[in-house]
Amino acid sequence: MSNHVDMKVVLLGKEFCGKTSLVERFINHRFSGENRYQNTIGAAYMAKKMDGSLVGPGGRPHQIMMGVWDTAGSERYQAMSKMYYRGARAAVVCYDVTDEDSWERLRFWIDELRKFEEDCKIYICATKVDLVAGEVARKRRRKVDYHNTTDLADEIGAVVFETSSKTGDGVDELFQRIVDDYIDDPLNSYTEFESGRGGDSRKKLHDAGDGGGGGACC
Ligand SMILES: Nc1nc2c(ncn2[C@@H]2O[C@H](COP(=O)(O)OP(=O)(O)OP(=O)(O)O)[C@@H](O)[C@H]2O)c(=O)[nH]1
Ligand SMILES: [Mg+2]
């Protein structure tokens, strides 16, 4: 019997906003460099074993395997995105703090998710914060006020993270928070059940994993 549970996470956001770099930093702990842009075609999948587990029958811990779908931001591929966010337990909707258009685009993805995946938890990720570090850079380059994002997040019940794939700031924290929320949410992949006459209450894992399948695992 499997001793892990799959969770599906999808990354959405305008092209060039930093989704692939975020996954690369999270999975491989590296940043390819600002001059190495290679747009994603369709989508890419990667998986990683996460810290934390769910308690299964007999009290056996089941490790969480996070499968991340990194989608293409180009509008050319928009129609395909539904395939990748279907069944996702969490969506990281990204925008680039130096690109106002990418912030405007958040609404589109949030509406899509709300329409088709009501139970998918939304995390708003403000990327490239290294580019606005320091007073001068902040004034010159930041195009989206942090409070606009927190207001939007409050409105839709989302969580906000600011990240830099260049320095690694906020990246592990974002993905660990996703897992922690997943474990804490009784709707996800396990339910309470009563065992034994004493009514010993434990968590029971659902059989069905919802991972995206395939791909590299670290
Ligand atoms: N300084 C800085 N540059 C970044 C950061 N994240 C991404 N970039 C750069 O931004 C550009 C776009 O990054 P990608 O991660 O490829 O963007 P994407 O959202 O995957 O783009 P699509 O695949 O086209 O949707 C690349 O040149 C990256 O090097 C960051 O945190 N800091
Ligand atoms: Mg990409």
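These legends go with a set of close-up views of a predicted model.

**View 1. The whole protein, before zooming in.**
Start with the full chain of this predicted model. The protein has 218 residues, and 35% of them are buried. Its secondary structure comes to seven helices and nine strands. Look at contacts between residues at least 6 apart in sequence, and 74% of them turn out to join residues at least 24 apart.

**View 2. The shell around ligand 1.**
Here we've zoomed in on ligand 1, which has 24 residues around it. G18, T20, S21, T40 and G73 are the closest of these. Which element gives the largest share of the shell? That's helix α1, residues 19-28, with three residues. As for the chemistry of the shell, 12 of its residues are polar, seven are charged and five are nonpolar.

**View 3. Strand β5, covered along its length.**
This view follows β5, which spans residues 121-127. Seven of its seven residues are buried, so the strand is mostly covered by the cut-off used here, 20 or more other C-beta atoms within 10 Å. Pick out K121, Y123, C125 and T127, which point one way from β5. I122, I124 and A126 point the other way, and the residues on both sides are buried.

**View 4. The partners of β5.**
Stay with β5 and bring in the strands that pair with it. Strand β4, residues 90-96, runs parallel to β5 and is joined to it by seven bridges. To find your place in this pairing, look for C94, whose bridge partner in β5 is C125. Strand β6, residues 159-162, also pairs with β5 in the parallel sense, this time over four bridges. In that pairing, Y123 stands opposite V159 of β6.

**View 5. Helix α7 and its buried side.**
Helix α7 takes in residues 171-184, 14 residues in total. From its first C-alpha to its last it reaches 20 Å, close to the 20 Å expected at 1.5 Å a residue. Which residues of α7 are buried? They are V171, F175, I178, V179, Y182 and I183. These buried residues sit on the same side of α7 because they cover an arc of only 135° around the axis.

**View 6. K48 and G67, brought together by the fold.**
K48 belongs to strand β2, which covers residues 43-55. Although K48 and G67 are 19 residues apart in sequence, their C-alpha atoms are 6.6 Å apart in space. Is K48 buried, exposed or partly exposed? K48 counts as partly exposed because it has 19 other C-beta atoms within 10 Å, and a buried residue needs 20 or more.

**View 7. Two loop residues with positive phi.**
Most residues other than glycine have a negative phi, so the two shown here are worth a look. F16 is in the loop between β1 (4-13) and α1, and its phi is near 75°, a positive value in a residue other than glycine. F16 counts as partly exposed because it has 17 C-beta neighbours inside 10 Å. H29 lies in the loop between α1 and β2. Phi of H29 is positive too, near 55°, and H29 is a residue other than glycine. H29 has 11 C-beta neighbours inside 10 Å and therefore counts as exposed.

Technical notes
Residues are numbered from 1 along each chain as its sequence is written. Chains are lettered from A and ligands numbered from 1 in the order in which they are written. This is a predicted model: local features need pLDDT of at least 70, side-chain atom pairs count only at pLDDT 80 or more; totals for chains, interfaces and linings use all residues. A residue is near a molecule or strand if its C-beta atom, placed from the backbone, lies within 6 Å of it. Ala, Val, Leu, Ile, Met, Phe, Trp, Tyr, Cys and Pro count as nonpolar, Asp, Glu, Lys and Arg as charged, and the others, Gly among them, as polar. A residue is buried if 20 or more other C-beta atoms lie within 10 Å of its own, exposed if 12 or fewer, and partly exposed in between; C-beta atoms are placed from the backbone. Two strands pair if DSSP finds at least two bridges between them. The expected span of a helix is 1.5 Å times one less than its number of residues. The arc is that of the directions from the helix axis to the C-beta atoms. Two residues are in contact if their C-beta atoms, placed from the backbone, lie within 7 Å.
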